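Biologist: I would love a close look at one part of this protein, the packing around a single helix. Could you walk me through that part, and then through whatever else helps me place it?

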Amino acid sequence: MEIKRRDFIKNFLILGGSLLFYPVSLRAEQKKGEVWHPAYEKLEKEGKFAQRVEQAYAMFEDCQLCPRRCGVNRLKGERGFCRAPARPVIFSSQPHFGEEISLVGKNGSGTIFFSNCNLRCIFCQNWPISHEGKGKIVQDEGLADIMIHLQKTGCHNINFVTPTHVMPNIINATRIALKKGLHLPLVYNTSGYERLEVLKILDGIMDIYMPDMKYMDADQAGKYSSGASDYPELAKKAITEMNRQVGELMTDKRGIAFRGLIIRHLVMPNRVAGTEKFVRWVAETLSKSTYVNIMPQYRVEYKAFEYPEIARGITVQEFLEAMGWAETYGLTNLDPHSVAVRDFYYRRRAT
Ligand code: SF4
């Protein structure tokens, strides 16, 4: 049966809701009777946390927080490529139910959306936040209070969305929140455009890394992400380092993630995202059981209309092709939502 693009999007949204009841199989690896502590709590006990905050804050003076390496003094009010000040600008914070099932659980992922971005893709799905910097400036103490509030609401984690340019504020706020009783795992939800030196500061603070892997080709990255043609090489190195720090995704007996790596890959029209190369790289460099979310929800946003190659949504065939490559290269820990969407279309094809 032929499936039109409009049907594909409609069915994808329906499946998003119905998946709450889908019998998914997640890896439950927390040992029985073991009391879990977040990584940053151990770092504080070892007396190493304060030094990391200092080290991170020093990077604001000659900003080298991301591969753009602007060298501006953000503490003196200068702004670099990301246009961010030295205080976090927050667009919103709330329990979020649209993230991966193992982050959402019953009460949601405690998501904090930071404004501004160091990558600025021309198809950005959050462009009013990332490109225009809409939001409210808070102090680090205020950010810590938001984290505590999300914890009191029952969220299963604190999920920092687009965190790279405000990493020093995040870890300072985490230390303040720890003293107020924070005990949730932290999720570093990043575009993947990161420096190894900066990730080393986060070693022992983040429990869950959730990077994107947007493209595998330098020309595509340069064209669609504001000249960042070094994205594929740097993101591969960054993800390898994240994997070294936290390893494969682990969940508790409820299926809630508490540590590990989740890689997101958005399938783009006309194979722009290089999905085949991506899944092969994961299988050969990391592990076939790495948690990978191959996402079908590409939308034509912001300036994507000006680029014919990506000025349409993806087709069912493109999504099934992407999932087929994951199967071919032996990936075994695919996001259950993507698997449900794939299986739905396989069944539709068979009828
Ligand atoms: S975080 Fe912003 S100012 Fe700093 S190097 Fe990156 S883009 Fe430039």
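**A close look at helix α7**

Modeller: Happy to, and please keep in mind that this is a predicted model. Two packed helices are described by the angle between their axes and the distance between the axes. Let us use that description for helix α7, which covers residues 167-179, and take its partners in turn.

Start with helix α6, residues 140-153. The axes of α6 and α7 come within 8 Å and cross at roughly 60 degrees. That angle makes α6 oblique to α7, and the crossing of the two is right-handed. If you want to find the contact on screen, select D140, E141, L143, A144, M147 and I148 on the α6 side. They meet N169, I170, N172, A173, T174, I176 and A177 of α7. Sorted by class, the residues of this contact are eight nonpolar, three polar and two charged.

Now turn to helix α3, residues 49-58. Here, too, the axes come within 8 Å, but α3 and α7 cross at roughly 155 degrees. Because of that angle, α3 is roughly antiparallel to α7. The crossing of α3 and α7 is left-handed. From α3, the contact is made by F49, A50, R52, V53, A56 and Y57. From α7, M167, P168, N169, I171, N172, T174, R175 and L178 take part. Nine nonpolar, three polar and two charged residues make up this contact of α3 with α7. Notice N169, N172 and T174: they are listed in the contact with α6, and they are listed in the contact with α3 as well.

One residue of α7 deserves a stop of its own, and that is M167. Is M167 buried or exposed? M167 is buried, because its relative accessible area is 0%. Apart from its neighbours within four places in sequence, M167 is in contact with A56, L65, Y188, V198, I201 and L202. Among these, A56 is also one of the α3 residues in the helix contact described above. For a sense of distance, try N107, which lies 60 residues from M167 along the chain. The C-alpha atoms of M167 and N107 are separated by 26 Å.

With α7 in place, a second helix pair gives you something to set beside it. Helix α12 covers residues 316-328 and helix α13 covers residues 336-350. Their axes come within 10 Å and cross at roughly 115 degrees, and the crossing of α12 and α13 is left-handed. On the α12 side you will find V316, Q317, F319, L320, M323 and E327. These meet S338, V339, V341, R342, Y345, Y346 and R349 in α13. By class, that contact has eight nonpolar, two polar and three charged residues. L320 from this group also serves as a landmark for K237, a residue of helix α10. K237 and L320 are 83 residues apart in sequence, with their C-alpha atoms 28 Å apart in space. K237 itself counts as partly exposed, because its relative accessibility is 47%.

As a bench biochemist you may also wonder about the cysteines. A disulfide is a covalent bond between the sulfur atoms of two cysteines. How many disulfides does the structure hold? The structure holds zero. For C121, the closest cysteine sulfur is in C117, at 6.4 Å, so the two are too far apart for a bond. For C124, the closest cysteine sulfur is in C121, at 6.5 Å, which is again too far for a bond. C121 is buried, with a relative accessible area of 6%. C124 counts as buried too, at 13% relative accessibility.

Last, a word on the backbone. Most residues other than glycine have a negative phi. R120 is not a glycine, yet its phi is positive, at about 55 degrees. You will find R120 in the loop between β2 (109-114) and α5 (127-130), and R120 is buried, with a relative accessible area of 11%. S226 is another residue that is not a glycine and has a positive phi, in this case about 50 degrees. S226 sits in the loop between α9 (218-224) and α10 (231-246). With a relative accessible area of 29%, S226 is partly exposed.

Conventions:
Residues are numbered from 1 along each chain as its sequence is written. This is a predicted model: local features need pLDDT of at least 70, side-chain atom pairs count only at pLDDT 80 or more; totals for chains, interfaces and linings use all residues. Side-chain values use heavy atoms; hydrogens and water are left out. Axes are lines fitted to C-alpha atoms, for helices over the stretch in contact, and angles run from 0 to 180 degrees between N-to-C directions. Helices (H or I, at least four residues) and strands (E, at least two) are DSSP runs, numbered from the N terminus. Angles under 35 degrees count as roughly parallel, over 145 as roughly antiparallel, 65 to 115 as roughly perpendicular and the rest as oblique. A crossing is left-handed if the near helix is turned anticlockwise from the far one by less than a right angle, and right-handed if clockwise. Contact means heavy atoms within 4.5 Å. Ala, Val, Leu, Ile, Met, Phe, Trp, Tyr, Cys and Pro count as nonpolar, Asp, Glu, Lys and Arg as charged, and the others, Gly among them, as polar. A disulfide is a pair of cysteine sulfur atoms within 2.5 Å. Buried means under 20% relative accessible area, exposed over 50%, partly exposed in between (1.4 Å probe, protein chains only).
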